[in-house]
Amino acid sequence: FNCWLPVMQGETPELRQLSEKARGRQKFIFDGRTVYEWEQTLDEVHLYIQPPPGITKHQLDIKIAPRHLTVGMRGNPPFLNEDTVSLVDTADSFWMIEDGELHIQLGKARKAETWSGALAGHGQLDVFTEQEINKKIMLERFQEEHPGFDFSGASFSGQAPNARNFMGGVTYK
């Protein structure tokens, strides 16, 4: 593959820091408060919500549908009641409380698709961040398709191709 180089030429510390931030959790902030953070991989979108202290899984009411997510407390109006940006595979989706944080994993119905956001109407990724996530997903695809190779130090020079349809498209396992 001649579209990636082991070390990106001319990468500055500032660009490296921006790239790392773009590949990490993205925040949805409303009225100055972080409502949730989210990130994505080749197969999944992860949402992270900080619930009120002392909340247990038995008090939560979470529904994951192919195009909709509802999160709330039993007997109350939902905290989130939104469409997802893309189609969710509900069989590969679940939620749990982990280290005091609500973690919702949404399985992507279209593997390797780069989501521009987690929930509809909650903003979209800027062009730089979307490209950095696409690069990360493309490297995850390379790693999955070529498990004997180590892509951990690889990076792209310039734009990465679309991970979903590059070279005949992604395979489903």
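Helices are DSSP runs of H or I with at least four residues, numbered from the N terminus. In this predicted model, one such element is helix 2, which holds both Lys135 and Glu132. The briefing below covers a strand hairpin and the salt bridges of the structure, of which there are 10.

**The hairpin of strands 2 and 3**

- Strand 2 covers residues 26-30 and strand 3 covers residues 33-40; the two run antiparallel and are joined by 5 bridges.
- Within this pairing, Ile29 has Thr34 of strand 3 standing opposite.
- The two strands form a hairpin, with 2 residues between strand 2 and strand 3.
- Asp31 lies in the turn and has a positive phi of about 50°.

**The salt bridge of Arg25 and Glu101**

- Side chains of opposite charge can pair when their charged atoms come close.
- The side chains of Arg25 and Glu101 form a salt bridge, with a distance of 3.0 Å from N to O.
- Arg25 belongs to the loop between helix 1 (13-23) and strand 2, while Glu101 belongs to strand 9 (residues 101-108), so this salt bridge ties together parts that are 76 residues apart in sequence.
- Arg25 counts as partly exposed because its relative accessibility is 34%, a value that falls between the limits of 20% for buried and 50% for exposed.
- Glu101 has a relative accessible area of 18% and is therefore buried.
- Arg25 and Glu101 also take part in a network of salt bridges that links them with Lys27 and Glu37.

**The salt bridge of Lys111 and Asp43**

- A salt bridge joins the side chains of Lys111 and Asp43, at 3.9 Å from N to O.
- This pair links distant parts of the chain, 68 residues apart: Lys111 is in the loop between strand 9 and helix 2 (127-145), and Asp43 is in the loop between strand 3 and strand 4 (44-49).
- Lys111 counts as buried because its relative accessibility is 5%.
- Asp43, with a relative accessible area of 30%, is partly exposed.

**The salt bridge within helix 2**

- The side chains of Lys135 and Glu132 meet in a salt bridge at 3.2 Å, taken from N to O.
- Both residues lie in helix 2 and are 3 residues apart, which is about one turn of the helix.
- Lys135 is buried, and Glu132 is buried as well.

Terms used: Residues are numbered from 1 along each chain as its sequence is written. This is a predicted model: local features need pLDDT of at least 70, side-chain atom pairs count only at pLDDT 80 or more; totals for chains, interfaces and linings use all residues. Side-chain values use heavy atoms; hydrogens and water are left out. Two strands pair if DSSP finds at least two bridges between them. A salt bridge is a side-chain nitrogen of Lys or Arg within 4 Å of a carboxyl oxygen of Asp or Glu. Buried means under 20% relative accessible area, exposed over 50%, partly exposed in between (1.4 Å probe, protein chains only).
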